[in-house]
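This briefing concerns a single protein chain. Please consult the sequence and the coordinates shown here before reading the notes.

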Amino acid sequence: MTKLVSVKVPKELDHALFFPEREIVLDKELYAEWSASIPYESFPYEVLYLNDVVSYPPWSNGAEHVKEVLEKWKQIDSECRLLFSERKAGQTLGLMKRGISLFLAAVFWLHGRPVMLRAWQEQMESFETIPVNVTERLSFILSRPAFFPSYRQLSELFQEFEKQYVKYMIKHAHGKKNV
């Protein structure tokens, strides 16, 4: 049985690209625990958390979930690549929105924090594991999400972030062995 809940978009996540409406409906049971098969769309865990609805906090185990987020991106990446190669850029906005959401989730969750779109640039500057010039590059992507250069930039950000994530995991796995 589904338990739908209608919640307001929190001011910390207020962004026209991701939330054109001020309220959204989520199935709170779907987000009560983690599942890689959940169709991740525009920060559902953060929306529930910021509305004081009990849900799973993926940022508390962020490093574990980043690998799955990166896999979801690879599926979106191949779909976007195909659409752009067929000159169907107009059909990429939804995919790009999901890709941008996944990138933000991966970065924030790896650093143990829920995604906050308000002042995201300042928050990212304090993170250790981020691609070079991430705020400028992501600002460009957000300004024109359905354009091919934005797709290429997002794809490159994911590639760079994945390399840094692997280094992060090796470093932290090595650190755990020496304890």
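The points below go from the whole chain to single elements and residues.

The structure is a predicted model. Its chain has six helices and two strands, and along the sequence these follow the pattern β-β-α-α-α-α-α-α. Of the 179 residues, 46% count as buried.

**Overall dimensions and surface**

- The radius of gyration of the chain is 16 Å, which agrees with the value near 16 Å that a compact globule of 179 residues would have.
- Taken along the principal axes, the box filled by the C-alpha atoms is roughly 50 × 40 × 30 Å.
- The accessible surface of the chain comes to about 9800 Å², and carbon and sulfur atoms account for 53% of this surface.
- When contacts between residues at least 6 apart in sequence are considered, 58% of them join residues at least 24 apart.

**Charge**

- The chain carries 23 positive and 23 negative side chains.
- The centre of the positive set and the centre of the negative set lie 4 Å apart.

**The two strands and the loop between them**

- Strand 1 covers residues 4-8 and strand 2 covers residues 23-27, and P10 is placed in the loop between these strands.
- P10 has a relative accessible area of 9% and is therefore buried, the cut-off being under 20%.
- Leaving out residues up to four places away in sequence, P10 touches V47, L50 and N51.
- For one of these partners, L50, the C-alpha to C-alpha distance from P10 is 6.4 Å, although the two residues are 40 apart in sequence.
- E23 lies in strand 2 and is partly exposed, with a relative accessible area of 43%.
- Beyond residues up to four places away in sequence, the contacts of E23 are with S6, V7, K8 and V9.
- E23 and Y40 are 17 residues apart in sequence, and their C-alpha atoms are 17 Å apart in space.
- V25 is also a residue of strand 2; its relative accessibility of 55% is over 50%, so V25 counts as exposed.
- V25 touches L4, V5 and S6, again with residues up to four places away in sequence not counted.
- The C-alpha atoms of V25 and P44, which are 19 residues apart in sequence, are 9.7 Å apart in space.

**Helix 1 and Y49**

- Y49 is found in helix 1, which spans residues 44-50.
- With a relative accessible area of 43%, Y49 is partly exposed.
- Y49 is in contact with S55, W59 and P114, leaving aside neighbours within four places in sequence.
- Of these contacts, P114 is 65 residues from Y49 along the chain, and the two C-alpha atoms are separated by 8.8 Å.

**Helix 5 and its buried face**

- Helix 5 runs over residues 134-143, and its residues V134, T135, R137, L138, I141 and L142 are buried.
- Seen down the axis of helix 5, these buried residues fall within an arc of 165°, so they line one face of the helix.
- An α-helix has 3.6 residues a turn, so residues three or four places apart point the same way.

**Loop residues with positive phi**

- D52 has phi near 60°, a positive value in a residue other than glycine.
- The place of D52 is the loop between helix 1 (44-50) and helix 2 (62-85).
- D52 is exposed, with a relative accessible area of 73%.
- A119, which is not a glycine, has a positive phi of about 60°.
- The loop that holds A119 lies between helix 3 (93-110) and helix 4 (120-125).
- At 37% relative accessibility, A119 counts as partly exposed.

How values were computed
Residues are numbered from 1 along each chain as its sequence is written. This is a predicted model: local features need pLDDT of at least 70, side-chain atom pairs count only at pLDDT 80 or more; totals for chains, interfaces and linings use all residues. Side-chain values use heavy atoms; hydrogens and water are left out. Helices (H or I, at least four residues) and strands (E, at least two) are DSSP runs, numbered from the N terminus. Buried means under 20% relative accessible area, exposed over 50%, partly exposed in between (1.4 Å probe, protein chains only). Contact means heavy atoms within 4.5 Å. The radius of gyration is taken over C-alpha atoms; the globule rule is 2.2 Å times the number of residues to the power 0.38. Accessible areas come from the Shrake-Rupley method with a 1.4 Å probe; for residues, only the protein chains shown count as cover. Lys and Arg count as positive and Asp and Glu as negative; His and the chain ends are not counted. The place of a charge is taken as NZ of Lys, CZ of Arg, CG of Asp or CD of Glu. The arc is that of the directions from the helix axis to the C-beta atoms.
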